[in-house]
Amino acid sequence: MTARTVLDAQDIDRAIVRISHEIVEANHGTDNLLILGIPTRGVYLANRIAQAIAKNNPGFELEHSLGRLDVTMFRDDLKSQPNRAISPTQIPVSDITDRTVVLVDDVLFSGRTIRAALDALVTHGRPKAVRLAVLVDRGHRELPIRADYVGKNLPTSVTERISVKLTETDEEQSVVITQ
Amino acid sequence: MKHLLSIDDVSKDEALAILNLATEMREVNTREVRKLPALNGKVVANLFFEDSTRTRISFEIAAKRLSADVVNFTAKGSSVSKGESLKDTVWTLEAMGVDAFVVRHHHSGAPQKIAASNWSKATIINGGDGTHEHPTQALLDALTMRVRLKGASDSGDLAGVRVLIVGDILHSRVARSNALLLRKLGAIVAFAGPSTLLPRTATTLVDEVYFDLDEALENSFDVVMMLRVQSERMNSSFVPNSVEYTALFGLTDERFENLGGKALIMHPGPMNRGLEIASKVADSDSSAISEQVSNGVAVRMAVLYRLLAQESK
């Protein structure tokens, strides 16, 4: 088994800062932004992106703009997977109608998680727009879904494994490809 | 886990997993769309040989919130009145493609019988069998205690919580399931009731047994759970009359006042207001009776999800 580090700790930090700038730029400011992380690592990345935005935009309030969205119950592979536990969903505002929601996940692969996330999101209301930010886009989409903000595009083969490690859960911080 | 027949089959970890899942299901009720697609296409049959309001409707709402289809079978008005047996009833419904049966039966052990037989491959959930068990009631009671005593987002057990269960313990499947589950979760459980309505095994089932309610209430319980006086099972003289029962074992206004609002009041329903529990007590701020009903939906969603979401076990 060969392992190759494609992003190190600093690369990840830089990608997060860049994505946070891109989000604010595309949104023409921070008005009505709602950043939602998809468990597990998407939640940590969403925290970091939101904090990076708050650092440069004093009007951006984390308590009204950062949340998490569990998609387990909306997955299309529940039948074949061992019983998945679900984790909390926290939407920090009661009405998401006027919000531009940015979904955050670590790796974009088949696109099925994001499909589930879109379905989960509509049970909370009808957002103005939904965007997608991912740390790594590894290709091999099975659905017509693309990311708006990408930390790194990584052409991979289907058999390769991508593991994202973040300091919140792991000892180190890196993105590693193993064959 | 394929079936939910008895709390005996549920480990502490499994019970906590169900309660924690139910905590997330409670949140679903606050969403704009209160429906999840997890059990889309599954068929849940409520197989009820005994009357019920909350258990049946609660299971029905829970299954529908998870997008399952629900069919309701009640013995009254069915071919059971023409003499069709339990076996043939299950067979018939199985032939129509039922994935899970929620079984309530007046005979103890009926759900176990169906699960152990080859009548059906479906998942069996015990919705209350005779005087044996009512596992989902115990789970919803545990969730209600945890939410009220430890907060809505707590994910731990009930270590050290003191629970007094009062009334007709002998005939109560709710008392039995609760005693098994709450002690598994670390709570200290006591029974109080007239000696004629306490099983001989009471001392092995719980930590403390009282024959005098006033004496029991002096022992600072966090939760007082009143049981219904089951007139349909009172076929011999267990208590002299209802007035005496209320005087000795009812949670009257006076007894409630002496508790000083320190204990959480619970009742599995249906209540006989004025018999085992005074009306004012049931409607007081200390009462968690309506929360028990709402938590019932969340707990049953969690149970259905854990038993049915996976294809083959």
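## A tour of chain B

In this predicted model, chain B has a mean pLDDT (the predictor's confidence in each residue, from 0 to 100) of 94, with 98% of its residues at 70 or more, and the complex as a whole is given an ipTM of 0.76 and a pTM of 0.89. Local features need pLDDT of at least 70 and side-chain atom pairs count only at pLDDT 80 or more, whereas totals for chains, interfaces and linings use all residues. Residues are numbered from 1 along each chain as its sequence is written, with chains lettered from A and ligands numbered from 1 in the order in which they are written.

Colour chain B by its domain assignment, automatic or from a database: domain 1 covers 7–133 + 293–308 and domain 2 covers 135–288. Their centres, taken over C-alpha atoms, are separated by 25 Å.

Next, select the boundary, where 26 residues of domain 1 of chain B are in contact (C-beta atoms, placed from the backbone, within 7 Å) with 22 residues of domain 2 of chain B. On the domain 1 side, helix H1 (12–28) of chain B, a DSSP run of H or I with at least four residues, supplies the largest share, eight residues.

Finally, select B:Val223, which, leaving aside neighbours within four places in sequence, is in contact with seven listed partners, among them B:Met145, B:Val161, B:Leu164 and B:Met266. B:Val223 is also, with B:Phe101, B:Leu164 and B:Leu304, one of the residues touching the most other members of the largest nonpolar core, which has 148 residues; such a core is a set of buried Ala, Val, Leu, Ile, Met, Phe, Trp, Tyr and Cys residues joined through C-beta atoms within 7 Å, buried meaning that 20 or more other C-beta atoms lie within 10 Å of a residue's own. Helix H12 (residues 289–308) of chain B gives the largest share of this core, 10 residues.

Definitions and conventions. A residue is buried if 20 or more other C-beta atoms lie within 10 Å of its own, exposed if 12 or fewer, and partly exposed in between; C-beta atoms are placed from the backbone. Helices (H or I, at least four residues) and strands (E, at least two) are DSSP runs, numbered from the N terminus. Two residues are in contact if their C-beta atoms, placed from the backbone, lie within 7 Å.
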